[in-house]
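Work through the following exercises with the coordinates open, taking each solution one step at a time.

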Amino acid sequence: MVGQEENEKKVKLTPGEREIYIDYDRIDVASIMEQIRRKIATQPRPKPSEKIIEDKEIIPPPPRSPWELEATYGWKARAKRILLKLMRPLSPLIKLLIFPVYYELRETVLKLHHANMRIDYACTRLDHLASKMDTELAKLSQLLNQRIDRVEKRFEEIDQLKEYTKLLHNLAHNLVVEMSKLKIELDTLKIHHRILEKDVRHLEQRERLLEKEIVQ
Amino acid sequence: MKVAFVVQRYGLEISGGAELHCRWVAEHMSQYWEVEVLTTKALDYITWKNHFPRDEEIINGIKVRRFPVVRPRHPERFGRIQNYIFENEHTIEDELRWLEEEGPLAPSLISYIKENENKYDYFIFFSYRYYHSYWGIKAVPHKSLLVPTAEHDPVIYLRIFRDLFRLPRAFIYNSLEEREMIQKVANNEHIPGEVVGVGIEIPPLFSGEQFRKKYGLDGCYAIYIGRIDENKGCLELFDYFLRFKEETSSPLRLVLIGSTILKIPSHPDIIYLGFASEEDKFSALDGALLLFMPSFYESLSMVTLEAWALKKPVLVNGRCAVLKGQCLRANGGLYYENYDEFREALGLLISDSRLREVLGLRGYEYFKQNYTWEIIENKYLKIVEKLEQEKRT
């Protein structure tokens, strides 16, 4: 068992592991799990690696028209396009007679390629936005959790103050009761005092009378 | 009173699940009732091939009648039909075909129940999803009690079972979550049902120290006991455990006990011991820091109760409502729903020995309050007594 305890100590603990409050006398799994979840929420999320960021930034925006893509296929393609432009008045005939299928195919391929490029670009933008939002959300969530913590602490303080006020109220009430009792007691004692004074006076008179009688 | 326990497989060779549950309950209730077991001749739960040659035998003092499986299950064909009904619009006939393919197809068992209905006062069916329960309950609905052992998987939503859940005289549930799920599926709140579960048999002799010596295990280890299967969440457990080790450099080891249908990752800290005897199993549990229960589908989890019986805490899959509910009710363990929660919960359990001790103790108290055999037997007796009273009035 000693070996076991030693092994336990070797485990690298994140500082947060000690932040979880556990009431061992009244163990509550729901509360522990809630604290674990809150702790996970406050942990910063791993940032995307530099390579991923670079990869995302490599993708350039697509050209406006699919035909601009021809430029990427070299001067031959460009020349072909210019020739086709020159022969535009005859193009319906050329299309029909010479290479309609090739032309349609080429157009389709270019459009598809262009669409793919646009989708890739849109995806990259979306990823960027998502990662930005993710970071912002993580910050926001961290801030919110901090605010929640502060509010909860404030609530705890308010609760404590409430308790303290209640205690003070009780104390004041008890003091009033005790003072009233003391006042009544004082009045009673005063009355007793007066009675006793009278008794003393009376006894003094008797004493004097008795002394006189003895002297006579 | 004569009671028949009807179950898909029965025998000392079967070490877990509804079959073991049935055997234990039958053996314990035999002190109050005349008990018989009606089952098939199958041993293998994948093919249901006839294995036991005798029609009748006595096992631990209980008469067992066995009926032959007329057609073993063809796993590939069954998988095809199952995929079809789970993924497509289908009819009741398709579902009945699925049930027949699932098996164990033993029509003589159903015929026997029909013909000998008067010989028994009650039939207690185990596992709602098999052929014997569906047709057996349909044959004797007014005398049947069902121990559904239902898990939250797609099968529960099949239409044939919605009707089935409205037939028995009473239900014997394993957990509150199981009752809630079945009542939600079938709207059968009017049928009496008790949450009972099962007791645990703890062998008289076991020792964690001896287990450590026997297998040369030093240092701390967590344990998983049960079938090593993807449905049991083992793939996820391996992944989470290895990530945890990589991130924390924890010396914790993972010991696995049970039959496997998965390739276990080759890692020096994952130790697979295969099938173990009850003594070895309890010794292993006794020596462990905690028990992992990563299953997605459970109706009770007997091994979790076994861990609590030995005052061991558990770390369970929180996506299984039953396991999470049990942990929350018992306060006997933590749960996780993703890797972050797994890492934090396991880290906390490893680092805080007092927490482990208190969780284990709470689990033990929960076990004592709900799962001792005395309590289980009384619950069974009360249910039957209530049905008898209803019969008289």
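Angles here run from 0 to 180 degrees between N-to-C directions, with axes fitted as lines to C-alpha atoms, for helices over the stretch in contact. The model is a predicted one.

**Exercise 1.** Determine the strand order of the open sheet of 6 strands in chain B, and describe how helices lie on this sheet.

Solution. Begin with the order, which reads β11-β10-β9-β12-β13-β14 in chain B, with parallel pairing. The edge strands are then β11 (270-272) and β14 of chain B, each of which pairs on one side only. On average, neighbouring strands are turned by 25° against each other, with direction ignored. Next, take one pair in detail: β9 (residues 221-225) and β10 (residues 253-257) of chain B are joined by 5 bridges, and B:I225 stands opposite B:I257 in β10(B). Finally, add the helices: α11 (residues 302-309) of chain B lies across β9, β12 (290-293) and β13 (314-317), running at about 170° to β12(B), while α13(B) touches β12, β13 and β14 of chain B and makes about 160° with the direction of β14(B).

**Exercise 2.** Locate the largest nonpolar core relative to the domains of chain B.

Solution. The core has 119 residues, and those with the most contacts inside it are B:F5, B:I223, B:A288, B:L291 and B:L315. Because domain 1 (2-199 + 372-392) and domain 2 (208-370) of chain B both give residues to this core, it lies between them. As for B:L291, the residues it touches include B:I223, B:V303 and B:V314.

**Exercise 3.** Characterise the side of chain B that touches chain A.

Solution. Count first: 26 residues of chain B are in contact with 21 residues of chain A. Of the elements, α13(B) gives the most to this side of chain B, with 8 residues. By class, this side has 12 nonpolar, 8 polar and 6 charged residues.

Technical notes:
Residues are numbered from 1 along each chain as its sequence is written. Chains are lettered from A and ligands numbered from 1 in the order in which they are written. This is a predicted model: local features need pLDDT of at least 70, side-chain atom pairs count only at pLDDT 80 or more; totals for chains, interfaces and linings use all residues. Two residues are in contact if their C-beta atoms, placed from the backbone, lie within 7 Å. Helices (H or I, at least four residues) and strands (E, at least two) are DSSP runs, numbered from the N terminus. Ala, Val, Leu, Ile, Met, Phe, Trp, Tyr, Cys and Pro count as nonpolar, Asp, Glu, Lys and Arg as charged, and the others, Gly among them, as polar. A nonpolar core is a set of buried Ala, Val, Leu, Ile, Met, Phe, Trp, Tyr and Cys residues joined through C-beta atoms within 7 Å. A residue is buried if 20 or more other C-beta atoms lie within 10 Å of its own, exposed if 12 or fewer, and partly exposed in between; C-beta atoms are placed from the backbone. Domain bounds come from an automatic or database domain assignment. Two strands pair if DSSP finds at least two bridges between them. Lists of a residue's contacts leave out its neighbours within four places in sequence.
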